[in-house]
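Colleague: Mind walking me through this one? I'd like to ask a few questions as we look.

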Amino acid sequence: MESKLRSLFHDPEYYTKSFDCFAALSAKFSELANWGETVFGEAVVDKIKITLGDNEELRVLGVGSGSGEMDVQMLTKLLRRFPLINNRVVEPAMDQLVKYKALAQSKANDLHGVTCDWRQQTIAQYEKAGDSKKFHFISSIHSIYYVGDVDRCMMYLYDRLEPGGVLLVITYSDDSGWWRFRNHFPSFQDSLVTFTNSSLIRGSLERRGIPCTLYHQRSRFEITQCFDEASEEGALLVDFLTHVIKLKETAPAQLYKEVIEYLGSDHCSEKSGDDVLFNNYWDAVVVCKPVD
Ligand SMILES: C[S@@+](CC[C@H](N)C(=O)[O-])C[C@H]1O[C@@H](n2cnc3c(N)ncnc32)[C@H](O)[C@@H]1O
């Protein structure tokens, strides 16, 4: 990262603030929810080849589940086939866990049959703790960027799967504005983040002979406010897109100008009338572990 520029990861509160702004403006959760409604059943639930006894629980692991919106949706879908679920959540940010717990409580009726097991840990800390439990379904939704060694983490997660289980990893696509931005400004990479994409994830699996299926999602969200110098929301959104704390105030004026221009260019965005729509293409990578 350029000197003076600080990654969002050095300030978890600021990370959450800018992430919330992005999530609200991008309708992130409703879009993921829509995927959960339409594709998740066929792509994931139907693919779990597990037969459970009467009182046996489906074992689920959420990696970097955040405030849980997507996980809760997936759990409600899983419940239709598996009435008892043990949901282990590995999430390092305490404020996110607090929100997830509140959400789970407010949706208690929908989550009847689910018991939650919260771990305030990074996935590396969880691995180091050495728990040998295996899972029937593991998900990492936009959290694989933060795990350190992505290749290694993918193998660890695959190893945690029961035969017949399913691993779901959602990341940005290699044709997304996110990926193109990172490639264009490599110095914005922080040692705490490994910006990866679905092709790299797929490559990591295929090199080890592990087949996967990719579900491509074309999605855009409006970033017009980023170009309004007076907009506080726009500045927060720029910070989330670049993963830099207060980019406008800390970057040299020329660099800031280049960033804004690149975000608005057709590498990252497209115009619709006066609106600028960011290319938010993402992919779901689904891995099914063969039954022994
Ligand atoms: C972009 S958010 C995604 C949250 C949620 N899965 C969603 O899609 O809304 C990334 C999440 O990964 C968590 N995270 C960061 N580093 C992590 C790590 N090393 N291991 C596991 N989770 C991590 C963050 O705290 C954050 O909640």
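Colleague: In what order do the seven strands of the open sheet run?

Modeller: It's a predicted model, where local features need pLDDT of at least 70, side-chain atom pairs count only at pLDDT 80 or more, and totals for chains, interfaces and linings use all residues. Residues are numbered from 1 along each chain as its sequence is written, and side-chain values use heavy atoms, leaving out hydrogens and water. Strands here are DSSP runs (E, at least two residues; helices are H or I, at least four), numbered from the N terminus, and two strands pair if DSSP finds at least two bridges between them. The pairing is mixed, and the order is β3-β2-β1-β4-β5-β10-β6.

Colleague: Which strands stand at the edges?

Modeller: Look for strands with a single partner, so that one side is left without a neighbour in the sheet. Those are β3 (114-119) and β6 (213-217).

Colleague: What is the bridge partner of Ile138 in β5?

Modeller: Strands β4 (residues 135-141) and β5 (residues 161-172) run parallel, joined by six bridges. In β5, Ile138 is bridged to Leu167.

Colleague: Arg182 is buried, so which side chain of opposite charge is nearest, and how far away?

Modeller: Arg182 sits in helix α8 (residues 177-184). Buried means under 20% relative accessible area (exposed is over 50%, partly exposed in between; 1.4 Å probe, protein chains only). Lys and Arg count as positive, Asp and Glu as negative, with His and the chain ends not counted, and a salt bridge needs a Lys or Arg side-chain nitrogen within 4 Å of an Asp or Glu carboxyl oxygen. Arg182 has no salt bridge, and the nearest candidate is Asp239, at 10 Å.
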